[in-house]
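Biologist: I would like a close look at a single part of this protein. Please start with the overall layout, then take me to that part.

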Amino acid sequence: MAPDPWFSTYDSTCQIAQEIAEKIQQRNQYERNGENTTKLTVTIRALLQKLKEKIALLKDLLLRAVATHQITQLEGDRRQNLLDDLVTRERLLLASFKNEGAEPDLIRSSLMTGGAKRGAPNPWLLEEPEETRGLGFDEIRQQQQKIIQEQDAGLDALSSIISRQKQMGQEIGNELDEQNEIIDDLANLVENTDEKLRTETRRVNLVDRKSTSCDLPKQNRSRNKSGFKNQRAS
């Protein structure tokens, strides 16, 4: 699986910020020792510009990923928080470079660990969450990757549940369609049977009327014969 370009850019941006922090501390040390800092100052300015460009690229990549639904809204919010932290670090570094803020201490291969030296506050530890305090950059990245994997696993489980529910819904819908077809067939059968019953009833009534009309002449002839015999006998 190819690495996510956003996180690759994010990692390189954090490394640039770390390098700037180290260069600023080195420059400040040179100033205290009365050494020339021109070369370091030029290097720091170039790195700050590069940091600014990297952060702009991260913003653009994040906007594209969210707009094209390449990531979930939850993942988009998480990346936005990481980006906001980088923007805060950029402001702190710029203030330190202009000697408007506290000096950034040299920290061990991480932007979010280590204590302040000589009593100066460490700007990287401002509002640092408890779960990342004391962790190195690689450890934080591993922690973030683990969180992403857990989120992916949760999303996969949720997707599986939704797929099963969708399948169950389709099966229920198919069964309802079959039941409706059976009901329609029964309704047609009842209607046909009712029509046949009405037809047969009409036939029976017709036959009954014909039978009645045929019996009346026979009865009259029988009466006439009886009357004739009685007259002859008289």
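Biologist: In what order do the elements of the protein run from the N terminus on? After that, please look closely at the start of helix H1 and the aromatic residues there.

Modeller: This is a predicted model, so keep in mind that every value here is computed from it. From the N terminus on, the elements run α-α-α-α. That is four helices and zero strands. The protein has 234 residues, and 26% of them count as buried. It exposes about 16700 Å², with carbon and sulfur atoms supplying 53% of that area. Now look at contacts between residues at least 6 apart in sequence: 63% of them join residues at least 24 apart.

Now to helix H1. It covers residues 5-33, which makes 29 residues. From its first C-alpha to its last it reaches 42 Å, close to the 42 Å expected at 1.5 Å a residue. Just after H1 comes glycine 34, with a positive phi of about 75 degrees.

Go back to the start of H1. Here a side-chain oxygen of aspartate 4 reaches to within 2.8 Å of the backbone nitrogen of tryptophan 6. Tryptophan 6 also belongs to the aromatic group you asked about.

A pair of aromatic rings is described by two things: the distance of the centres and the angle of the planes. The structure holds two aromatic pairs. One joins tryptophan 6 and phenylalanine 7. Their ring centres are 5.3 Å apart and their planes stand at 85 degrees, so this pair is edge-to-face. Tryptophan 6 and tyrosine 10 form a pair that is stacked. Here the distance is 5.5 Å centre to centre, with 10 degrees between the planes. Why are tryptophan 6 and tyrosine 10 separated by about one helical turn? Because they are four residues apart in helix H1.

Put the pairs together, and Trp6, Phe7 and Tyr10 are linked into a cluster. Is this group buried or exposed? Tryptophan 6 and phenylalanine 7 are both buried. Tyrosine 10 is buried too.

Next, see what touches this part from elsewhere in the chain. Arginine 79 sits in helix H3, which spans residues 73-97. Leave out residues up to four places away in sequence, and arginine 79 touches Asp4, Trp6, Phe7, Leu62 and Ile71. Trp6 and Phe7 are cluster members. Asp4 is the residue whose side-chain oxygen reaches toward tryptophan 6. Arginine 79 has 5% relative accessibility, so it counts as buried. Its side chain also makes a polar contact of 2.8 Å with the side chain of glutamate 75.

Stay in helix H3 and move along to glutamate 90. Its relative accessibility is 18%, and therefore it counts as buried, since the cut-off is under 20%. The C-alpha atoms of glutamate 90 and isoleucine 20 are separated by 9.5 Å, although these residues are 70 apart along the chain. Glutamate 90 touches Leu51, Lys52 and Ile55, again leaving out residues up to four places away in sequence.

One last stop lies further along the chain. An unreviewed UniProt entry annotates residues 176-203 as "coiled-coil region". In the model, this stretch is 100% helix and 0% strand. Its end C-alpha atoms are 40 Å apart.

Definitions and conventions: Residues are numbered from 1 along each chain as its sequence is written. This is a predicted model: local features need pLDDT of at least 70, side-chain atom pairs count only at pLDDT 80 or more; totals for chains, interfaces and linings use all residues. Side-chain values use heavy atoms; hydrogens and water are left out. Helices (H or I, at least four residues) and strands (E, at least two) are DSSP runs, numbered from the N terminus. The expected span of a helix is 1.5 Å times one less than its number of residues. A polar contact is a pair of N or O atoms within 3.5 Å; within protein, one must be able to donate a hydrogen and the other to accept it, and residues adjacent in sequence count only if both atoms are side-chain atoms. Buried means under 20% relative accessible area, exposed over 50%, partly exposed in between (1.4 Å probe, protein chains only). Contact means heavy atoms within 4.5 Å. Accessible areas come from the Shrake-Rupley method with a 1.4 Å probe; for residues, only the protein chains shown count as cover. Rings of Phe, Tyr and Trp (its six-membered ring) pair if their centres lie within 6.5 Å; planes under 30 degrees apart count as stacked, over 60 as edge-to-face and the rest as tilted. UniProt positions are given in the numbering used here, feature names are shortened, and annotations may be inferred rather than shown by experiment.
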